[in-house]
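User: Could you take a close look at one part of this model for me? I'd like a walk along the first helix, with enough of the rest to place it.

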Amino acid sequence: MIYQISVALIAIAFAVLVFFLIRTLKSAQGSLDNVSQTLQEVQKTIDELSYEVKQTVRHANDITVDVQHKMKQIDPVMESVQNLGEVLNEVTEAAKQVSSTLMAKFQTKRSSNEQSKRSEVANVVQTPPATPTDRTLQSYEATYHDDAKGSKSWLKYVDVAANVWQRMRK
């Protein structure tokens, strides 16, 4: 009888063990089904995104080709702007040379007339000029002041032109 009870207990224990193993395996199977379903959804999403990414890359390539084409069309314009800058630089250099030559001539005349004019300038009381243009004009008047004002008035125009040129350059 002990053998029979022992065999019955072993059979009951085995049945309980099988019952719990079946429950565990069913829950594991449910989890695996969920994982499988999730992986299928992820695969579908990846397929859709890969198509969209490919389309975006194609559009980006088209845009790049278009930009390169337009840059090639703009190159002659940029070369023209560069050439224009070089020409303007040469004109500026030439104007500087002419201006310095004229100033050198005026300074040599000024030094010869300076001694005769010192007595006249010392007698004239002048107000300090407010702007650099006024100072230049006043210095020209003091240096080249003549009764025949018409013959020296062109110096004022040279000074005004030089000031306009400087302002345009800024």
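Analyst: Of the 170 residues in the protein, buried ones make up just 6%. Keep in mind that this is a predicted model. The protein exposes about 14,700 Å², and carbon and sulfur atoms supply 62% of that area. As for secondary structure, there are four helices and zero strands, so to speak an α-α-α-α run when read from the N terminus. Among contacts with a separation of 6 or more, 57% are between residues 24 or more positions apart.

Now to the part you asked about. Helix α1 covers residues 2–123, and a good place to begin is its salt bridge. K70 pairs with D66 there, and the closest N and O atoms are 3.3 Å apart. Both K70 and D66 sit in helix α1, four residues from each other, which is about one turn of the helix. In general, side chains of opposite charge can pair when their charged atoms come close. How exposed are the two partners? K70 has 44% relative accessibility, so it counts as partly exposed. D66 comes out at 34%, and it is partly exposed too. By the rule used here, the count for the structure is one salt bridge, so once you've seen K70 and D66 you've seen that bridge.

Next, the greasy side of things. I63, V67, M71, I74, V77, M78 and V81 form a nonpolar patch on the surface, and together they have about 660 Å² of accessible area. Take I74 as one of the members: this residue is found in helix α1. I74 counts as partly exposed because its relative accessibility is 40%, between the 20% and 50% cut-offs. Patch members need over 30% relative accessible area, and the 40% of I74 is what lets that residue in on this score.

For a contrast, go to T92, which also lies in helix α1. Is T92 buried or exposed? T92 is buried, because its relative accessibility is 11% and buried means under 20%. The side chain of T92 reaches the backbone oxygen of L88 at 2.8 Å. Leaving out residues up to four places away in sequence, T92 touches W165 and R169.

One last stop is the aromatics. How many aromatic pairs does the structure hold? There is one aromatic pair, made by F19 and F20. Their arrangement is edge-to-face, with 5.5 Å from centre to centre and 70 degrees between the planes. That label applies because planes over 60 degrees apart count as edge-to-face. Neither ring's residue is buried: F19 is partly exposed with a relative accessible area of 48%, and F20 is partly exposed with 45%.

To pull it together, the stretch I've walked you through has a K70–D66 salt bridge, a nonpolar surface patch that includes I74, and a buried T92 that touches W165 and R169.

Definitions and conventions
Residues are numbered from 1 along each chain as its sequence is written. This is a predicted model: local features need pLDDT of at least 70, side-chain atom pairs count only at pLDDT 80 or more; totals for chains, interfaces and linings use all residues. Side-chain values use heavy atoms; hydrogens and water are left out. Patches are made of residues with over 30% relative accessible area and no salt bridge: like charges are joined within 9 Å, nonpolar side chains (Val, Leu, Ile, Met, Phe, Trp, Tyr) within 5 Å. Accessible areas come from the Shrake-Rupley method with a 1.4 Å probe; for residues, only the protein chains shown count as cover. A salt bridge is a side-chain nitrogen of Lys or Arg within 4 Å of a carboxyl oxygen of Asp or Glu. Helices (H or I, at least four residues) and strands (E, at least two) are DSSP runs, numbered from the N terminus. Buried means under 20% relative accessible area, exposed over 50%, partly exposed in between (1.4 Å probe, protein chains only). Contact means heavy atoms within 4.5 Å. A polar contact is a pair of N or O atoms within 3.5 Å; within protein, one must be able to donate a hydrogen and the other to accept it, and residues adjacent in sequence count only if both atoms are side-chain atoms. Rings of Phe, Tyr and Trp (its six-membered ring) pair if their centres lie within 6.5 Å; planes under 30 degrees apart count as stacked, over 60 as edge-to-face and the rest as tilted.
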